[in-house]
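These exercises are meant to be worked with the sequence and the coordinates open side by side. Please try each task before reading the solution beneath it.

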Amino acid sequence: GNEEALYLGVGIAPTVDIFVKVHKESSSLLGLKVQVFGTPLKDSAEGHKLAFSMAMGSERDEFDDTFTIDLKSDVTDYSLIYGFRSSASMMVYLGASVSNYSFEGTIKGNHGLSNSDIDYQARNIQGAHIGAMLGGSSFNLKAEYATQKIEWSNTESKLYQYFALALQTGW
């Protein structure tokens, strides 16, 4: 898969971050990430880490093409992430997630369809990822592989796979 996203996180406490993730082709998310044990990323201390995150998003759009579509989307995402930092500049991590997507709306105008309502959902999307981070909190490189099993309304489930590289900076 090919997805572009912008991620911005701000620490509001030593082990709590608020984040915004803006996807190019999906709803944006506002979330909270809490580190349950282990030292924060900024400390770069060796050892085990465990965190969970919760995020949600909701957007309204209107598309005007051959006919007008009024669409509302809702998203929820829950993740559990485990990491191990073997040195100040190397950490490996893995995680699991469950997400829900819902799209509802109407098609306006003369479109020739028997039903003008849109109700399309994917519930209990199962995700997993594994990655490595080289560097510290001020600058690092992340490489990550992720997969999701998604079943949209009235479709068969499908397995999606992603690979991402990211440069991160912080202060």
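The exercises below concern a predicted model, and each task is followed by its solution.

**Exercise 1. Overall architecture**

Task: Establish how many helices and strands the protein has, and describe its overall dimensions and burial.

Solution: Begin with the secondary structure, where the count gives 0 helices and 9 strands, so that reading along the sequence yields the pattern β-β-β-β-β-β-β-β-β. Next, take the C-alpha atoms along the principal axes, which gives a box of roughly 65 × 30 × 25 Å. Then turn to accessibility: buried residues make up 29% of the 171 residues, while the protein exposes about 11,000 Å², of which carbon and sulfur atoms supply 58%. Finally, consider the contacts between residues at least 6 apart in sequence, among which 45% join residues at least 24 apart.

**Exercise 2. Pairing of the N-terminal strands**

Task: Determine how β2 is paired with β1 and with β3, and identify the bridge partners of Ile18.

Solution: Start with strand β1 (residues 5–13) and strand β2 (residues 16–23), which run antiparallel and are joined by 8 bridges; the two form a hairpin with 2 residues between them. Now follow β2 to β3, where the pairing is again in the antiparallel sense, over 6 bridges, and where the hairpin passes through 5 residues. For Ile18, the partner on the β1 side is Val10, and the partner in β3 is Leu32.

**Exercise 3. The nonpolar surface patch**

Task: Find which strand gives the most residues to the nonpolar patch on the surface, and decide whether Val20 is buried, partly exposed or exposed.

Solution: List the members first: Leu6, Leu8, Val10, Ile12, Ile18, Val20, Val22, Leu30, Leu32, Met54 and Tyr78 form the patch, with about 970 Å² of accessible area together. Assign them to elements next, and β1, β2 and β3 are those that give two or more residues, with β1 giving the most, at 4 residues. As for Val20, this residue lies in strand β2, and because its relative accessibility is 35%, Val20 counts as partly exposed.

**Exercise 4. Two salt bridges**

Task: Locate the salt bridges in the structure and compare the accessibility classes of the partners.

Solution: The structure holds 2 salt bridges. In one of them, the side chains of Asp70 and Arg60 meet at 3.2 Å, N to O; this pair links distant parts of the chain, with Asp70 in strand β5 (residues 68–87) and Arg60 in strand β4 (residues 47–64), 10 residues apart. Apply the accessibility classes to each partner: Asp70 has a relative accessible area of 18% and is therefore buried, whereas Arg60, at 55%, counts as exposed. In the other salt bridge, the side chains of Lys72 and Asp74 meet at 2.6 Å, N to O. Here Lys72 is partly exposed, with a relative accessible area of 28%, and Asp74 is also partly exposed, with 27%.

**Exercise 5. The largest nonpolar core and a neighbour list**

Task: Name the residues that make up the largest nonpolar core, and then find what Ala122 touches.

Solution: The largest nonpolar core has 8 residues in all, namely Phe19, Leu29, Ala55, Val75, Tyr101, Ala122, Ile125 and Ile150. Leaving aside residues up to four places away in sequence, Ala122 touches Ser99, Asn100, Tyr101, Ile150, Glu151 and Trp152. One of these, Glu151, can also be set against Ala45: their C-alpha atoms, 106 residues apart along the chain, are separated by 40 Å. Ala45 itself has its place in the loop between β3 (29–37) and β4, and with the same sequence neighbours left aside, up to four places away, Ala45 touches Thr39 and Arg85.

**Exercise 6. Positive phi outside glycine**

Task: Explain why the phi values of Asn124 and Asn154 deserve a second look, and state where each residue lies.

Solution: Recall the background, that most residues other than glycine have a negative phi. Against this, phi of Asn124 is near 50°, and phi of Asn154 is near 60°, each a positive value in a residue other than glycine. Asn124 is found in strand β7 (residues 117–135) and, at 51% relative accessibility, counts as exposed. Asn154 is found in the loop between β8 (139–150) and β9 (158–169) and is exposed, with a relative accessible area of 81%.

Note on methods:
Residues numbered from 1 in each chain as written. Predicted model: local features only at pLDDT ≥ 70, side-chain atom pairs only at ≥ 80, totals over all residues. Heavy atoms only, no water. Salt bridge = Lys/Arg side-chain N within 4 Å of Asp/Glu carboxyl O. Buried < 20%, exposed > 50% of the residue type's maximum accessible area, 1.4 Å probe, protein only. Contact = heavy atoms within 4.5 Å. Core = buried A, V, L, I, M, F, W, Y, C linked by side-chain atoms within 4.5 Å. Pairing = 2+ DSSP bridges. Patch = residues over 30% accessible without salt bridge, like charges linked within 9 Å, V, L, I, M, F, W, Y side chains within 5 Å. Areas by Shrake-Rupley, 256 points an atom, 1.4 Å probe, with all protein chains shown as cover.
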